[in-house]
Amino acid sequence: MSGHGHTTVSVWRQPAQVWAVAFACVVAFMGIGLVDPILPAIAESLQASPVQTELLFTSYLLVTGLAMLITSWISSRIGAKATLLIGLALIVVFALLCSLSGSVDAIIGFRAGWGLGNALFISTALATIVGAASGGSSAAIVLYEAALGLGIAIGPLLGGLLGELSWRGPFFGVVVLMAIAFVAVLVLLRGPAEKVAPVPLSAPFKALRIPSLAVLAVTALFYNIGFFVLLAFSPFPLGFGAMGIGFTFFGWGVGLAVTSVWVAPLLLRFLARTTVMLLTLPLLAIDLVVAGILVEDPTSLVVCIIVGGLLLGIMNTVLTESVMEATDLPRSVASSSYSAVRFLGGAAAPPLAAWLWHAYGPTVPYLFAAASILIATATILFGRRALARIDEREADAADEAAAVLVGDAA
């Protein structure tokens, strides 16, 4: 858990509506890694180039990022339940269209619609869990991060299993699971009528003028380039089938979940947030350089991917906590503006990595990713004065619950 609070009520004794949203969270996070094991199969089956295939990530992340800028405006007007249901419905529709597509261009387009649904759902899910969870916000954070870890680990594994049958299999899997999640949220998410407090459309844009948030957003942009080169490009040089890629990224996801939920909070007991980032980012850059050097050896590359997952988990949690503490803005506004910039970095990385691979060989994309991580490190180092506030203040569990949100979900 990212929080420093302690719960007296068991985290696992929760109302049905909390479990409904938590289950939907698991499935939403599975969607991030589900496509990973089938990228080579899609490229082969639809006669698509690696660059085209990587656009499956780009369209999804680009629209998710841009939509983040308006989700707080939408949910503050129509309420959380309606926002969740619209998001889930969009994912069901566009995942189904992906599974029925006959060209890679069509899938790229439908993944964009999927990204819109994802933004609406993810940006509202944690606030909903917090509002309904027993044991306070710290219990809600444990549940949310458990859902994140479970989803991000299971996604590639399920993608590999279904991908062995057909590249269409993982998309059908999402349709079924998200439809179940939709019904669960519709039936189980009950409560008093929501009070709507409209947020101005301009709020996330104005937030980025604040130096501390701007420094963290730029850091996240370059950090996410490294994150998505590792996640979205690595299936190609690995040379495994869908199941082999699935198992590899299951290990990556488990590593990410363990360090996000347990290791990062432990480090933050003893070290300032900027210190943890300045230690973790260079280690991640080294891991990516080693991956580039040993890219021809699948075993070494698998080890580098899993080590990368361990380091990414720490960074996810620390960056998210930092965003929460950086300003006095409403947490949902700070989170959405930061996350929009972050997702845009993720959108650019996969096709760039595939193009660099095609032009210069498989080592160069990892060196490019390492260089991006070093730029993120320099941004924290030179912007440290603007970030003094995040090192001074202990994260408050209630504040944390309002914004762990999308930062961890990237």
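Begin by selecting P156, which, once its neighbours within four places in sequence are left aside, is in contact with G33, L34, P37, G246, F249 and F250. The model on your screen is a predicted one, and P156 sits in its helix α6, which covers residues 136-165. The relative accessible area of P156 is 0%, so this proline counts as buried. If you add P170 to the selection, you will find its C-alpha atom 9.4 Å from that of P156, with the two positions 14 residues apart along the chain.

Stay on helix α6 and move to L158, which belongs to that helix as well. Is L158 buried, partly exposed or exposed? With a relative accessibility of 21%, L158 counts as partly exposed, because the cut-off for being buried is under 20%. Show its surroundings and you will see that L158 touches M30, L34, G163 and L177, when residues up to four places away in sequence are not counted. P37 is worth displaying here too, since the C-alpha atoms of L158 and P37 are separated by 9.1 Å although the two residues are 121 apart along the chain.

Now zoom out to the whole chain and colour it by secondary structure, where you will find 17 helices and 0 strands. Of its 410 residues, 60% count as buried. Among contacts between residues at least 6 apart in sequence, 88% join residues that are at least 24 apart. A surface display would cover about 14,500 Å² of accessible area, and 71% of that belongs to carbon and sulfur atoms.

For the interior, turn to the largest nonpolar core, a set of 119 residues in which C25, W114, F121, F171, M178, Y223 and W252 have the most contacts. Helix α9, residues 211-233, supplies the largest share of this core, with 13 residues. Select W114 from that group and show what lies around it: W114 touches G31, Y60, I91, F94, A95, C98, F171 and V174, again without counting residues up to four places away in sequence.

Next comes R111, a residue of helix α5, which spans residues 104-132. Which side chain of opposite charge is nearest to R111? That side chain is D36, at a distance of 8.3 Å, and R111 is buried yet has no salt bridge. The cut-off for a salt bridge is 4 Å, so D36 is too far away to count as a partner. Beyond residues up to four places away in sequence, R111 touches G31, V35, L56, F57, S59, Y60 and C98.

From that list, pick L56, which lies in helix α3, residues 50-78. L56 is buried, with a relative accessible area of 0%. Its contacts, leaving aside neighbours within four places in sequence, are V35, L39, I42, I107, I108 and R111. Add P351 to the view and compare sequence with space, for L56 and P351 are 295 residues apart in sequence but 9.2 Å apart from C-alpha to C-alpha.

A short stop at Q47 follows, in the loop between α2 (39-45) and α3. Q47 has a positive phi of about 50 degrees although it is not a glycine, and its relative accessibility of 66% makes it count as exposed.

How many salt bridges does a search of the whole structure find? The search finds 1. Select D328 and R389 to see this pair, whose closest N and O atoms are 2.6 Å apart. D328 lies in the loop between α13 (298-326) and α14 (331-360), while R389 lies in helix α16 (residues 388-392), so the pair ties together parts that are 61 residues apart in sequence. D328 is exposed, with a relative accessible area of 67%, whereas R389, at 22% relative accessibility, counts as partly exposed.

Finish on the surface by selecting L283, I286, V289, V290, I293, L294 and L367, which form a nonpolar patch with about 570 Å² of accessible area together. The largest share of the patch, 5 residues, comes from helix α12, residues 273-293. V289 is a member of the patch that lies in helix α12, and at 30% relative accessibility V289 counts as partly exposed.

Terms used. Residues are numbered from 1 along each chain as its sequence is written. This is a predicted model: local features need pLDDT of at least 70, side-chain atom pairs count only at pLDDT 80 or more; totals for chains, interfaces and linings use all residues. Side-chain values use heavy atoms; hydrogens and water are left out. Helices (H or I, at least four residues) and strands (E, at least two) are DSSP runs, numbered from the N terminus. Buried means under 20% relative accessible area, exposed over 50%, partly exposed in between (1.4 Å probe, protein chains only). Lys and Arg count as positive and Asp and Glu as negative; His and the chain ends are not counted. Contact means heavy atoms within 4.5 Å. Accessible areas come from the Shrake-Rupley method with a 1.4 Å probe; for residues, only the protein chains shown count as cover. A nonpolar core is a set of buried Ala, Val, Leu, Ile, Met, Phe, Trp, Tyr and Cys residues joined through side-chain atoms within 4.5 Å. Patches are made of residues with over 30% relative accessible area and no salt bridge: like charges are joined within 9 Å, nonpolar side chains (Val, Leu, Ile, Met, Phe, Trp, Tyr) within 5 Å.
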